[in-house]
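Visitor: Please show me the model, and then take my questions one at a time.

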Amino acid sequence: MRRLFLAILIIFAIGCTQQVKTDIAGVGETFPTAPSAITWDGKNLIIAKEGIIVFLENIDTATAGSFIGYEGHYFLNNYPITITSKENPPYITGLAWQKTAYSGFIWAADAANKRLIKLTTQGETIKSIQLNKIYPEDMTFDGKYLWIADSKRGKVFKITTEDGSVIEEYLSPVSYPTALAWDGKYLIVAGIINPALPSDSSDNVKILRLDTVNGKVIEEISNSRYVTFPSAMVWIDGKLWISDRNSGYIVKISDWGSPSADEKIYKLATTPSIIKKIETKEEKKETEKDIQEAKKAAEEARKAAEEAKQAAEAAKKAFELQQKK
């Protein structure tokens, strides 16, 4: 009986969804509920919405649906980072952490201004990359490349951190991808199954583990009934921390999944960025050659026009002399 009781307790503990409410208000800063972006730097949970990035540490989650009413707790670490823009008010839809030997950098996707920003933890901008053909819904980092979910096109892009060149392109295994995470080996994609339906039910959410090498879905991860619209996601030690847009909670669930029967290959044929760069250089050379040839032709035309003018003047003088005689 005791063993059965312990087993029940273990199952109950594993099965309970954990969550934390993220209403943050500090001096001079107000952080709206329901973060639109989330990442992990090894110590802090970094979350963002609109143009504000906040660092959370010592997070104590609460059991979802508890009658006690406890919503979890955390401490703020570091000062918030505020992103600005001279064009549209920033709206951060994705965060990713790029680890370095001593610290790291934050990548922020600003969908309102179609750009990626590389930041220090103090908020200094290191680099900005324009995204002209990709709408960043969320993103993650695999240690070398950035992965971006494009909800408008229903695709996932693997891009470089140097200039945003597309390395690989995938159809999203979820029709409307809204959140991405990297578990160290596979890409985890979460999103809405049918965008036409009201986005207030966990039944309309799917979370899949994608093998990016062969382009196939290998697992479907069990969702929690407390996740009805995943707006951002990060993988931390076998757990998925998912920001739910509807409730304003960050929900923590297991990344356990069941094998998928989906045999479709979602990886698309993409021209490698190095080839694209070579093609661009060749196109540039051809353009420069055309410009030089056009300049040469214009110079020849100018000389011909000058010679024609001189011939006309000579003919005029000869005619005038003839008239005097």
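Visitor: Over how many bridges do β14 and strand β15 pair?

Guide: This is a predicted model, in which local features need pLDDT of at least 70, side-chain atom pairs count only at pLDDT 80 or more, and totals for chains, interfaces and linings use all residues. Residues are numbered from 1 along each chain as its sequence is written, and side-chain values use heavy atoms, with hydrogens and water left out. Strands are DSSP runs of E of at least two residues, numbered from the N terminus, and two of them pair if DSSP finds at least two bridges between them. β14 and β15 (residues 146-150) run antiparallel, and the number of bridges is 4.

Visitor: Which residue of β15 is the bridge partner of Met139?

Guide: In β14 (residues 138-141), Asp138 and Thr140 point one way, Met139 and Phe141 the other, and all are buried, that is, under 20% relative accessible area with a 1.4 Å probe and protein chains only. The hairpin has 4 residues between its strands, and Gly143 there takes a positive phi near 105°. Across from Met139 in β15, the bridge partner is Ile148.

Visitor: Which strands each supply at least two residues of the largest nonpolar core?

Guide: A nonpolar core is a set of buried Ala, Val, Leu, Ile, Met, Phe, Trp, Tyr and Cys residues joined through side-chain atoms within 4.5 Å. The largest has 16 residues, and those with the most contacts inside it include Ile207, Met233 and Leu240. The strands that each supply at least two residues of this core are β18 (176-182), β19 (187-192), β20 (205-211), β23 and β24 (249-254).

Visitor: What is the average twist from one strand to the next in the open sheet of 5 strands?

Guide: The order is β18-β19-β20-β21-β25, with antiparallel pairing. β18 and β25 (257-259) each have a single partner strand, so one side of each is left without a neighbour in the sheet. With axes as lines fitted to C-alpha atoms and angles running from 0 to 180 degrees between N-to-C directions, the average twist is 35°.

Visitor: How far from Asp244 is the nearest side chain of opposite charge?

Guide: Asp244 is found in strand β23 (residues 239-244). Asp244 is buried yet has no salt bridge, meaning a side-chain nitrogen of Lys or Arg within 4 Å of a carboxyl oxygen of Asp or Glu. Lys and Arg count as positive and Asp and Glu as negative, while His and the chain ends are not counted. The nearest side chain of opposite charge is Arg245, at 8.1 Å.

Notes:
Buried means under 20% relative accessible area, exposed over 50%, partly exposed in between (1.4 Å probe, protein chains only).
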